[in-house]
Amino acid sequence: MVLLVVFVVTYAFFAMVIGDMTLQNTSGWVSFAYFAVAGLVWVIPAGAIIWWMERGGKKTT
């Protein structure tokens with residue numbers, strides 16, 4: 001769980017910094033599109049981390 005929290009906070013920080021540094025002179029729609037996509041992309045690796053966490057507690061017989 002700690003890994004998931006650290007990942008989400010780190011991802012949000014870097015997405016925000018990259019967006020702020022690279023999109024300063026673009027239109028509002030481009031910024032909106034970047035932050036909309038960046039706001040959804042974190043779900044894929046977070047889902048993989050959650051899947052890994054769930055898998056660890058199950059024992060196969």
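This is a short talk on the overall form, the helices and one surface patch of the protein shown above.

Before anything else, please keep in mind that what we are looking at is a predicted model. I will begin with the whole chain, go on to helix 1, and then turn to the surface.

The secondary structure of this protein consists of three helices and zero strands, and if you read along the sequence you meet them in the pattern α-α-α. The radius of gyration is 16 Å, whereas the globule rule gives 10 Å for 61 residues, and because the value for this protein is well over that figure, we can describe the protein as more spread out than a compact globule. You may also want to picture the box that the C-alpha atoms fill, which is roughly 60 × 20 × 10 Å when taken along the principal axes. As for burial, 13% of the 61 residues in the protein are buried. The protein exposes about 5200 Å², and 76% of that area is supplied by carbon and sulfur atoms.

Let me now take helix 1, which runs over residues 2-22. How far should its 21 residues span, at 1.5 Å a residue? The expected span is 30 Å, and since the C-alpha atoms at its two ends are 30 Å apart, the model agrees with the expectation.

Which residues of helix 1 are buried? They are Leu-4, Ala-15 and Gly-19, and because these three cover an arc of only 25° around the axis, they are placed on the same side of helix 1. If you turn to the other side of this helix, you find Val-2, Val-9 and Met-21, which are exposed.

Two further residues of helix 1 deserve a careful look. Phe-14 lies in helix 1, and its relative accessibility is 47%, so it counts as partly exposed, the class between the 20% and 50% cut-offs. Between Phe-14 and Ser-27 there are 21 Å in space, C-alpha to C-alpha, for a separation of 13 residues in sequence. Ala-12 also has its place in helix 1, and with a relative accessible area of 41% Ala-12 is partly exposed. From Ala-12 to Leu-23 the separation is eleven residues in sequence and 16 Å in space, again C-alpha to C-alpha.

That brings me to the surface, where Met-1, Leu-3, Val-5, Val-9, Ile-50, Trp-51, Trp-52 and Met-53 form a nonpolar patch whose accessible area comes to about 880 Å² together. Two elements, helix 1 and helix 3, the latter covering residues 43-56, each give two or more residues to this patch. Which of the elements supplies the largest share? That share, four residues, comes from helix 3. You will notice that Val-9 belongs to the patch and that Val-9 was also named a moment ago among the exposed residues of helix 1.

Among the patch residues I would point to Trp-52, whose place is in helix 3. Is Trp-52 buried, partly exposed or exposed? Its relative accessibility is 48%, and Trp-52 therefore counts as partly exposed.

Finally, helix 3 also holds Ile-44, which has a relative accessibility of 65% and so counts as exposed. Ile-44 and Leu-23 are separated by 21 residues in sequence, and in space their C-alpha atoms lie 24 Å apart.

Key
Residues numbered from 1 in each chain as written. Predicted model: local features only at pLDDT ≥ 70, side-chain atom pairs only at ≥ 80, totals over all residues. Heavy atoms only, no water. Patch = residues over 30% accessible without salt bridge, like charges linked within 9 Å, V, L, I, M, F, W, Y side chains within 5 Å. Areas by Shrake-Rupley, 256 points an atom, 1.4 Å probe, with all protein chains shown as cover. Salt bridge = Lys/Arg side-chain N within 4 Å of Asp/Glu carboxyl O. Buried < 20%, exposed > 50% of the residue type's maximum accessible area, 1.4 Å probe, protein only. Rg over C-alpha atoms; globule rule 2.2 N^0.38 Å. Expected span 1.5 Å × (residues − 1). Arc of directions from axis to C-beta.
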